[in-house]
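Q: I am new to this structure and would like a close look at a single part of it. Please pick one part, go through how it is built, and then place it against the rest.

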Amino acid sequence: MIERSYKHYSVKPGTIYLRGGDPNFATPAHIRDAAIKAIIEGYTHYAPSEGIPELRDAIANYYSKYGVKYDPDQIMVTAGGSPALHMINVSMLEPGDEVLVFDPSFSRYFSEPPTLGAVVKPVPLLKPGFHLDPEDLKANISEKSKMIVLCNPNNPTGTVYSKSELKAIADIAIDNDLIVVSDEFYSEFTYDDIKHVAISSLDGMSERTFVLVGGTKMFNFTGWRLASLILPKEYYKIVEKKTRFIGVRPATFVQRAGAEAFNAMSTKYGKEVMKEHREEYDRRRSFFCKRIDEIDGINCHTFEGAFYAYPDVSSFGLPVSSFVDELEREEGVLVGNGEGHGGVSVIGEKSPAYGHIRPALVQDVDVLEEAATRIERFTRNIPK
Ligand SMILES: Cc1ncc(COP(=O)(O)O)c(C=O)c1O
């Protein structure tokens, strides 16, 4: 049932592209059909700025599976996850505010707050599995702390936070009156029977948690630009007021297709499509993490969620940016620089992201096998 699609990145012919989190799957056919039908039926006019009601309903219904029931009018439809993060940041952050960001996690959490005068405090995740010691979070709290940003499952480490870790984060947030941003873009992609837990489902948390619910990665929607933000009632008006003029909303027919996508998640068919994608990612992770970890000098844990490997290549003594560039030039494998998804720019070598690359497992296993062979050859040729 899974269909593959082709990408249009401008890389040299023969290069294996594992840099961006843009999977080689097509958007499922029933969702594409819904978009085409919406265009034909004339859903080509302005939509309400917060999103069309049928999509907001569909997202509220979908998210209730995590044990928290939101009103559809707490949901804002956004043109992807990046605008959703931007909307939270511009609405909530003042110069001097401190933002606690787990290190490593998605690059934008580190790069955007400083543009608003806020200060990022990286909170280390612990190797090898990149889980949290809550004491490290506590140690970084100050009077200026405003927000904790959580990516669950985590891009790039694949950490799926356990209920007890989330409870510890929740207790700290409540004790210190902090808001929590919970980016749950990869909530459908957890493996080994590990279940996604929504931090907003814990006592006292729905009123202080801003949730990012994907379309982007869940439905292979990367180019469609559709995601959403679930807001505590208390903050909805603030975000609405501060972001009214941004106008970054998905096209009306894309929203119609989004409603189809989220509604299908309560049908046998939609669940089956998602299961096939999850199983395919699982095959890729089981193969690639083990294969890469076996290469002399590389350490790669087997991640629990999302679809990124996060190998440590520091033992080769090359700056990661050179490792990435030379790997592309010499062997035609393009991977992400894993240090960008961490606090290396803030705390340097002390950041757990130091020395990591991030291959996104967005290609089939046979392609990943070839990529691993090339990476191995490349590392053997690095002068000692
Ligand atoms: C955790 C996470 N949040 C947000 C985004 C941004 O999403 P979008 O591409 O929809 O802007 C990404 C993209 O990779 C992501 O991994």
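A: What follows goes through domain 1 of a predicted model, and then turns to the rest of the chain.

The protein chain is divided into two parts, and domain 1 is made of two separate stretches, 16–27 and 269–380. Domain 2 covers 31–264.

A sheet is a convenient place to start. Three strands form an open sheet in the order β1-β9-β10, and their pairing is mixed. The edge strands are β1 (16–18) and β10 (357–358), each of which pairs on one side only. Strand β9 (residues 333–337) pairs with β1 in the parallel sense, over 3 bridges. One position in this pairing can be named: Y17 has L334 in β9 as its bridge partner.

Two helices pack on this sheet. Helix α10 (residues 320–331) touches β9 and β10, and its direction makes about 165° with that of β9. Helix α12 touches β1 and β9, with its direction at about 95° to that of β1.

Helix α12 (residues 365–380) also meets α9: the two axes come within 10 Å and cross at roughly 10°. Because the crossing angle is under 35 degrees, α9 counts as roughly parallel to α12. On the α9 side the contact is made by R283, R284, F287, F288, R291 and I292, and on the α12 side by V365, L368, A372 and I375. Sorted by class, this contact has 7 nonpolar and 3 charged residues, with no polar ones.

Helix α9 (268–293) leads on to the boundary with domain 2. Both α9 and α11 (344–347) supply at least two residues each to the side of domain 1 that touches domain 2. The largest share of that side, 7 residues, comes from α9. In total, 33 residues of domain 1 are in contact with 37 residues of domain 2. The domain 1 side has 15 nonpolar, 12 polar and 6 charged residues. Taken over C-alpha atoms, the centres of the two domains are 24 Å apart.

Now for the rest of the chain. An open sheet of 7 strands has the order β2-β8-β7-β6-β5-β3-β4, again with mixed pairing. Strands β2 (75–78) and β4 (119–124) each have a single partner strand, so they stand at the edges and one side of each is left without a neighbour in the sheet. On average, neighbouring strands of the seven-stranded sheet are turned by 20° against each other, direction ignored. Edge strand β2 pairs with β8 (residues 227–230) in the antiparallel sense over 4 bridges, and A227 in β8 is the bridge partner of T78. Helix α3 (residues 81–92) lies across β2, β5, β6, β7 and β8, running at about 30° to β8.

One residue ties in with this region. R249 lies in the loop between α7 (233–243) and α8 (252–264). R249 counts as buried because it has 22 C-beta neighbours inside 10 Å, where the cut-off is 20 or more. Apart from its neighbours within four places in sequence, R249 is in contact with A47, S49, V77 and A79. A47 and R249 are 202 residues apart along the chain, yet their C-alpha atoms are separated by 8.5 Å.

Conventions
Residues are numbered from 1 along each chain as its sequence is written. This is a predicted model: local features need pLDDT of at least 70, side-chain atom pairs count only at pLDDT 80 or more; totals for chains, interfaces and linings use all residues. Domain bounds come from an automatic or database domain assignment. Two residues are in contact if their C-beta atoms, placed from the backbone, lie within 7 Å. Ala, Val, Leu, Ile, Met, Phe, Trp, Tyr, Cys and Pro count as nonpolar, Asp, Glu, Lys and Arg as charged, and the others, Gly among them, as polar. Axes are lines fitted to C-alpha atoms, for helices over the stretch in contact, and angles run from 0 to 180 degrees between N-to-C directions. Angles under 35 degrees count as roughly parallel, over 145 as roughly antiparallel, 65 to 115 as roughly perpendicular and the rest as oblique. Two strands pair if DSSP finds at least two bridges between them. A residue is buried if 20 or more other C-beta atoms lie within 10 Å of its own, exposed if 12 or fewer, and partly exposed in between; C-beta atoms are placed from the backbone.
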